[in-house]
Amino acid sequence: MTASDAGAHRLATQTVRALIEAEASVATAESLTGGLVCAALTSVPGASAVVFGGLASYSTDLKTRVLGVPAAIIAEHGTVAAETALLMADGVRRLTGADLGVATTGVAGPDPIEGHPVGRVFVAVTRESERQVRALSCHGSREQIRQQSVGAVLELVLEVLTGGSAGR
């Protein structure tokens, strides 16, 4: 296990524990991470008590048709946008009935998308009473950008659950 893998597993373990303590459930809608967030969470023993599942919503069609992101929002802001990430998180929460919705969208590379450079990422966490989004400027290889995105969204889940800067 690499240091990066160990860090991701530590964050996933903290997240699952925090979800269990809060008696809260989670579901993921992932674009650039393609299921890595859900995989990190479900690698933790006991995750089945709190992880409802995830959707790898790589295509714009799934973002609009399944997650309910309005086509007008994507036309105005694009798929790599704070607004889109928040609506993806809302959509997966609505679809699954989970307490928290988690979303990732961005550019892992190798090429820019919609005028955004490689490494531009938005991660979001929503629940009924709160909607948080964070813009990231990640660096490194495609895989490093994807792993940084997983770590950032797990940290954001912890912050939403604990009301502070958990995991730091």
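Where does Pro117 lie? The question will be taken up on the way through this predicted model, beginning with the whole chain.

**The whole protein**

Display the complete chain as a cartoon. The secondary structure comes to six helices and five strands, and along the sequence these elements follow the pattern α-β-α-β-α-α-α-β-β-β-α. Turn the model about its principal axes: the C-alpha trace spans about 40 × 35 × 25 Å. A compact globule of 168 residues would have a radius of gyration near 15 Å, and the protein, with 15 Å, agrees with this.

Next, switch on the surface. The accessible surface comes to about 7600 Å², and 53% of this area belongs to carbon and sulfur atoms. Of the 168 residues, 49% count as buried. Among contacts with a separation of 6 or more, 63% are accounted for by residues 24 or more positions apart. If the charged residues are coloured, 13 positive and 16 negative charges appear, and the mean positions of the two groups are 1 Å apart.

**Helix 1 and the loop after it**

Select residues 3-22, which form helix 1, and then Thr15 within this helix. Is Thr15 buried or exposed? Thr15 counts as buried, because its relative accessibility is 1% and buried means under 20%. Show the side chains around it: leaving aside neighbours within four places in sequence, Thr15 is in contact with Leu41, Leu154, Val157, Leu158 and Leu161.

Move on to Glu23, in the loop between helix 1 and strand 1. Phi of Glu23 is near 55°, a positive value in a residue other than glycine. Most residues other than glycine have a negative phi. Glu23 is exposed, with a relative accessible area of 72%.

**Ser59, before helix 3**

Select Ser59, whose place is in the loop between strand 2 (51-56) and helix 3. At 31% relative accessibility, Ser59 counts as partly exposed. Add Thr79 to the selection and draw a distance between the two C-alpha atoms: these residues are 20 residues apart in sequence and 9.2 Å apart in space.

**Helix 5 and its surroundings**

Select residues 82-96, helix 5. Its 15 residues should span 21 Å at 1.5 Å a residue, and its end C-alpha atoms are 22 Å apart, which agrees. Which residues of helix 5 are buried? They are Thr84, Ala85, Leu86, Met88, Ala89, Asp90, Gly91, Val92 and Arg93.

To see what covers these buried residues, show the neighbouring elements in turn. The cover includes strand 1 (26-30), helix 3 (60-65) and helix 4 (71-77). It also includes strand 3 (100-106), strand 4 (120-127) and strand 5 (130-137). Just after helix 5, select Gly97, which takes a positive phi of about 80°.

**The loop between strand 3 and strand 4**

The opening question can now be answered: Pro117 lies in the loop between strand 3 and strand 4. Leaving aside neighbours within four places in sequence, Pro117 is in contact with Val107 and Pro112. For a view across the model, add Val51: Pro117 and Val51 are 66 residues apart in sequence and 32 Å apart in space, C-alpha to C-alpha.

Pro110 has its place in the loop between strand 3 and strand 4 as well. Show its backbone together with that of Gly109: a cis peptide bond joins Gly109 and Pro110, with omega about 20°. Most peptide bonds are trans.

Glu114 also lies in the loop between strand 3 and strand 4. Although Glu114 is not a glycine, it has a positive phi of about 50°. With a relative accessible area of 43%, Glu114 is partly exposed.

**Helix 6**

For the last stop, select residues 142-162, helix 6. This helix has 21 residues and reaches 30 Å from its first C-alpha to its last, close to the 30 Å expected at 1.5 Å a residue. How many of the 21 residues of helix 6 are buried? The helix is mostly covered, with 15 of its residues buried. Finally, select Gly163, which follows helix 6 and has a positive phi, near 75°.

Notes:
Residues are numbered from 1 along each chain as its sequence is written. This is a predicted model: local features need pLDDT of at least 70, side-chain atom pairs count only at pLDDT 80 or more; totals for chains, interfaces and linings use all residues. Side-chain values use heavy atoms; hydrogens and water are left out. Helices (H or I, at least four residues) and strands (E, at least two) are DSSP runs, numbered from the N terminus. The radius of gyration is taken over C-alpha atoms; the globule rule is 2.2 Å times the number of residues to the power 0.38. Buried means under 20% relative accessible area, exposed over 50%, partly exposed in between (1.4 Å probe, protein chains only). Contact means heavy atoms within 4.5 Å. Accessible areas come from the Shrake-Rupley method with a 1.4 Å probe; for residues, only the protein chains shown count as cover. Lys and Arg count as positive and Asp and Glu as negative; His and the chain ends are not counted. The place of a charge is taken as NZ of Lys, CZ of Arg, CG of Asp or CD of Glu. The expected span of a helix is 1.5 Å times one less than its number of residues.
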